[in-house]
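These are my notebook entries on one protein chain. I went through its pockets, its cavity, its core and its charged pairs in turn.

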Amino acid sequence: MRSLKTMTRCSAAVAALALWLTPGAGMAQTELQFGHVGNPGSLFSQSADEFAKRANERLGDDYEVVVYGSSQLGSDTSMLQKVKLGQVTFTLPSTVMSSVVPQFGVFEMPYLVSDREHMARIAEEVVKPMLYPLAEEQGYKIIGIWENGFRQITNNVRPINVPADLDGIKLRTPKGKWRVRMFEEYGADPSPMALSEVFTALQTGTMDGQENPLVQIYSQKFQEVQDYLSITNHVYTPAYVTVSANHWQQLPADVREVLESTAEELQGYVYEIAAAQDEELLGEMEAAGMEINEADQQAFVDASGPIYDAFAEEVEGGRELIDSALELAE
């Protein structure tokens, strides 16, 4: 039989633990987990880390944003599910959002976004009024629009100059049906795959190539297992700071205000560092031994009509989304 002294010590320990886990009690903090798939040095990593730094300076002692990158909390798909269940506070999906809300597939349309200034206008006049409500219908609230970036193609078969050069190439894509269909239209053999699995697939030859923004390519070390880098800029992908619509409301109003305003203000910072990295990383890729070529982007534009037509026909409101985004170009 346990002694009264032992039981008292255990009760005291339990009480102390309860005190530690209670927000507002002494040094206690509630951890707000931010999960993403980017490796250290990636744009996702830099963006989420800066968000945590700025938010934590304003949150006080009761709440703390803690970042878990490199798919530590799972793939994009699994983290979206965990967010919905309240097991993770934030995640940073990009292409995968089109698997949740088909209308987000508008950002899989090739050459829709001309530059970051164009994207900023699309964010205000298309994404917020037209896409945010659709995300909330599926249980998600977006509190900021950041960046994944302009996407390029790498592979181990040949330089990609025109769509015909993709013929037969086994190409990894993210999970988004329109990306798959786009590359099928171009003649490739695309397969969706989690980002965390891609390096091994390229190394072993399971995949010939992949497509990603330069900062993802470099931070994932794909330059170590790929010979050719083709600058196609075929798609610009935003990234969305995403929370659970239901669980978000359980946070205090002042905490929500800090988090949402910080996510919003970070957009300019993200665009700035993304543009700088695009310039810097080409030299790093070349130094790593990759052969780099500028693709004939007009040839890709000319081959993209069918994917636009299919999206407009198959996705409710698809034509309006496309037209609204293109009208904001300058």
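**Entry 1: terms for open and closed spaces.** I worked on a 1 Å grid over the protein atoms alone; a pocket is an open set of points with protein on both sides within 12 Å along at least five of seven lines, a cavity is a set of points where a 1.4 Å probe fits but cannot get out, and lining residues have an atom within 4 Å of a point. Grid points are joined across faces, edges and corners, and a volume is the space filled by probe spheres set on the points.

I note that this is a predicted model, in which local features need pLDDT of at least 70 and side-chain atom pairs count only at pLDDT 80 or more, while totals for chains, interfaces and linings use all residues. Residues are numbered from 1 along each chain as its sequence is written, and side-chain values use heavy atoms, with hydrogens and water left out.

**Entry 2: the largest pocket.** I looked up which residues line it and found 22, with D76, R172, P174, K175 and L195 nearest its centre. Two elements, α3 (76-85) and β4 (140-155), give two or more residues to this lining; helices (H or I, at least four residues) and strands (E, at least two) are DSSP runs, numbered from the N terminus. I recorded a volume of about 300 Å³ for the largest pocket. For residue classes, I counted Ala, Val, Leu, Ile, Met, Phe, Trp, Tyr, Cys and Pro as nonpolar, Asp, Glu, Lys and Arg as charged, and the others, Gly among them, as polar. On that basis the lining holds eight nonpolar, 10 polar and four charged residues.

**Entry 3: the second largest pocket.** Its volume is about 250 Å³. I found 16 lining residues, and L32, G86, T89, H247 and L251 are the closest to the centre. The elements giving two or more residues here are β1 (30-35), β9 (236-244) and α9 (245-248). Strand β1 supplies the largest share, four residues. By class, I noted seven nonpolar, eight polar and one charged.

**Entry 4: the cavity.** My search gave one cavity of 30 Å³ or more. The largest cavity encloses about 60 Å³. Its lining consists of S94, T95, M97, S98, F104, F107, E108, T237, P238 and Y240. Both α4 (97-100) and β9 supply at least two of these residues, and β9 gives the most, with three. I sorted the lining into five nonpolar, four polar and one charged.

**Entry 5: the chain and its core.** I counted 13 helices and 10 strands in the protein chain. The radius of gyration is 22 Å, close to the 20 Å that the globule rule gives for 330 residues, so the chain is as compact as a globular protein of that length. The radius is taken over C-alpha atoms, and the rule is 2.2 Å times the number of residues to the power 0.38. Along the principal axes, the C-alpha atoms fill a box of roughly 80 × 40 × 35 Å.

Of the 330 residues, 52% count as buried; buried means under 20% relative accessible area, exposed over 50%, and partly exposed in between (1.4 Å probe, protein chains only). I then looked up the nonpolar core, a set of buried Ala, Val, Leu, Ile, Met, Phe, Trp, Tyr and Cys residues joined through side-chain atoms within 4.5 Å. The largest one has 97 residues, of which V65, F90, F107, M119 and L259 touch the most other members. Helix α10 (residues 253-287) gives the most to this core, with 11 residues.

**Entry 6: salt bridges.** I searched the whole structure and found 13 salt bridges, each a side-chain nitrogen of Lys or Arg within 4 Å of a carboxyl oxygen of Asp or Glu.

R54 pairs with E50, their closest N and O atoms being 2.8 Å apart. These two residues are separated by about one helical turn because they lie four residues apart in helix α2 (residues 43-59). R54 and E50 are both buried. R54 also pairs with E265, at 3.2 Å between the closest N and O atoms. This second pair links distant parts of the chain, with E265 in helix α10 and R54 in helix α2, 211 residues apart. E265 counts as partly exposed because its relative accessibility is 34%.

R116 and E147 meet in a salt bridge of 2.8 Å, N to O. Here R116 lies in helix α5 (residues 116-137) and E147 in strand β4, 31 residues apart. R116 counts as buried at 13% relative accessibility, and E147 is buried at 2%. Finally, I noted that salt bridges with shared partners join E50, R54, R58 and E265 into one network.
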